[in-house]
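Hi everyone, thanks for letting me take this slot. Let me put the structure up on the screen, and then we'll walk through it together.

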Amino acid sequence: MAAKSRSRAKPKARSRARGKVRAGAGARAARPAPKERGLLARLKEGPVICAEGYVFELERRGYLQAGAFVPEVLIEHPEVVEQLHLDFVRAGSDVTQALTYYVHREKLRVIGREKDLVPMNRAALRIAKSVARKTGTLFAGDICNTNIYDPADKAALKEVERIFAEQVGWAVEAGVDYFVAETLSWVDEALMALAAIRKYSKVPAVVTLAIHKDPLTREGLTAAEACKRLEGAGADVVGINCHRGPATMLPLLKEIRAAVKCDVAGLPVPYRTNPEQPSFMSLTDPCCGNARAFPVGLDPFMCTRAEIADFGRDAYAAGIRYLGVCCGAGPHHIRALAEALGRQPPASRYTVDMSRHAWFGTNERIKKIQTEYRPKL
Ligand SMILES: [Zn+2]
């Protein structure tokens with residue numbers, strides 16, 4: 001398969017961080033050598049699954065406010081964050097990504113908790129590291145959209161630089177295996193995030209753009225053009241996360257795959273987006289007066305597990321190797337994705353088996369009086 005061999009090609013820039021991936025991470029003798037455990041080595045062996053979108057799941061569980069989407073839960077209920085990480089790993093995530101999304105200075109200012117910046121970042125990193133080391137998953141640092149980026153505002157650009165530098169710094173101190181810079185709709189902001197990762201760390205960088213209803217970055221570049229720039233600037237993996245569902249993200253992923261040599265990441269939201277409403281923020285619900293469904297009315301658009309499995313298979317066949325699901329994902333989506341890629345994570349112990357069902361079952365103990373009643377169910 002052409003796409004497959006292309007994704008395995010190794011541009012020179014990619015070899016830089018290999019072998020240093022786990023420096024300072026405290027690997028024990030019983031574990032494989034650090035080189036084999038790093039992100040890039042795992043991507044050479046096969047797909048890497050990364051569960052993202054923690055804030056939506058925490059909101060549904062009642063521990064986070066929609067709108068702000070700041071994970072104050074890190075301080076208020078750290079055990080809930082730890083359990084969520086464990087749930088995603090059990091479902092097949094190869095990565096435990098620190099929940100530092102929206103734990104940056106600007107977002108904390110919006111909710112009046114700037115004083116909690118350091119403890120919240122450190123809590124996110126501590127919790128994720130402990131789960132990663134316990135489960136043998138990769139420990140990823142995370143930086144994201146600052147929401148103040150403005151190419152014409154020098155003061156804002158300085159602040160963006162500061163936000164990235166301090167969050168990268170805390171993650172480096174925590175010993176992350178690699179970085180994710182995500183949900184960035186300005187490619188120049190993404191380049192700034194990548195520059196901070198490159199300046200303060202030696203670990204690999206995954207950079208994923210957010211493509212909204214407008215199919216271009218905020219500067220007006222296609223996703224493929226933007227990813228080419230990111231690859232040129234030294235990103236190890238480039239791609240798209242969040243905002244678009246599988247149906248409207250996959251075509252863009254294919255364009256990116258054709259445009260770059262490095263590995264490509266695709267982490268859609270698990271919602272049924274369509275060509276007219278290609279992003280989850282643009283979805284309107286005909287049952288509710290065509291009101292905007294984002295963020296807490298998206299339930300009727302939720303993808304089934306089969307749809308997420310189809311996405312996983314199609315994306316993998318298209319040469320996409322770094323796969324996950326973003327905002328809206330529950331552990332059941334990650335399990336469906338993992339199983340579609342041939343995995344049997346611990347949660348597969350409970351994968352559906354309708355042969356045991358009271359009416360639809362084929363088990364010899366299911367009585368005829370039950371199966372004959374099926375048409376009336
Ligand atoms: Zn998301």
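Before I point at anything, one term: a residue counts as buried if 20 or more other C-beta atoms lie within 10 Å of its own, and as exposed if there are 12 or fewer. Keep that in mind, and also keep in mind that what you see is a predicted model.

With that, let's try it on a helix. Helix H11, residues 223-232, has these buried residues: Ala223, Ala226, Cys227, Arg229, Leu230 and Glu231. And what covers them? The cover includes helix H10 (187-200), strand S5 (205-209), strand S6 (237-241) and H12. After H11 the chain comes to Gly234, which has a positive phi, near 105°.

Okay, let's zoom out. The protein has 15 helices and 10 strands. Its C-alpha atoms fill a box of roughly 75 × 55 × 45 Å along the principal axes. For 377 residues, a compact globule would have a radius of gyration near 21 Å, and this protein has 21 Å, so the two agree. Of those 377 residues, 48% are buried. And if you take contacts between residues at least 6 apart in sequence, 74% of them join residues at least 24 apart.

How confident is the predictor? The mean pLDDT is 92, and 90% of the residues reach 70 or more. Residues 1-35, though, have a pLDDT below 50, and that stretch still has 48 contacts in the model beyond near neighbours in sequence. Where pLDDT is low, the predicted coordinates should not be read in detail. So let's leave that part alone.

Now for the sheet. In what order do the strands of the open sheet sit? There are 8 of them, and the order is S1-S10-S7-S6-S5-S4-S3-S2, with parallel pairing. The edge strands are S1 (48-51) and S2 (95-97), each of which pairs on one side only. From one strand to the next, the twist averages 25°.

I'd like to walk along a few of these strands, beginning with S5. S5 and S6 run parallel and are joined by 4 bridges. As an example, Val206 has Val237 in S6 as its bridge partner. Our helix from earlier comes back here: S5, H11 and S6 make a right-handed β-α-β unit.

Next, S6 itself. Is it enclosed or open? All told, 5 of the 5 residues of S6 are buried, so the strand is largely enclosed by the rest of the structure. In a regular strand the side chains alternate between the two faces of the sheet. You can follow that in S6: Val237, Gly239 and Asn241 are on one side, Val238 and Ile240 are on the other, and all are buried.

One step over, S6 pairs with S7 in the parallel sense, over 5 bridges. Between these two strands the chain goes through H12, and this β-α-β crossover is right-handed. Two residue pairs to look for on the screen: Val238 has Val264 in S7 as its bridge partner, and Gly239 stands opposite Ala265 in S7.

S7 covers residues 263-267, and on the S10 side it makes a parallel pairing over 2 bridges with S10, residues 322-325. Ala265 turns up here again, opposite Tyr322 in S10. S7 is mostly covered too, with 5 of its 5 residues buried. Asp263, Ala265 and Leu267 point one way, while Val264 and Gly266 point the other way.

Last stop: two residues in helix H12, which spans residues 246-259 and holds Pro251. Leu252 is in H12 as well. Which of them is buried, and which is partly exposed? Let's count. Pro251 has 14 other C-beta atoms within 10 Å, so it comes out as partly exposed. Leu252 has 22 other C-beta atoms within 10 Å, so Leu252 is buried.

What does Leu252 touch? Leaving aside its neighbours within four places in sequence, Leu252 is in contact with Ile211, Ala223 and Ile240. Recognise two of those? Ala223 was on our list of buried residues in H11, and Ile240 is one of the buried residues of S6.

A final pair of distances, C-alpha to C-alpha. Pro251 and Ala315 are 64 residues apart along the chain and separated by 9.5 Å. Leu252 and Arg122 are 130 residues apart in sequence and 35 Å apart in space.

That's my tour, thanks for listening!

Note on methods: Residues numbered from 1 in each chain as written. Predicted model: local features only at pLDDT ≥ 70, side-chain atom pairs only at ≥ 80, totals over all residues. Rg over C-alpha atoms; globule rule 2.2 N^0.38 Å. Contact = placed C-beta atoms within 7 Å. pLDDT = per-residue confidence, 0-100. Pairing = 2+ DSSP bridges. Axes fitted to C-alpha atoms, helices over the stretch in contact; angles between N-to-C directions. Right-handed = clockwise from strand over helix to strand, strands pointing away.
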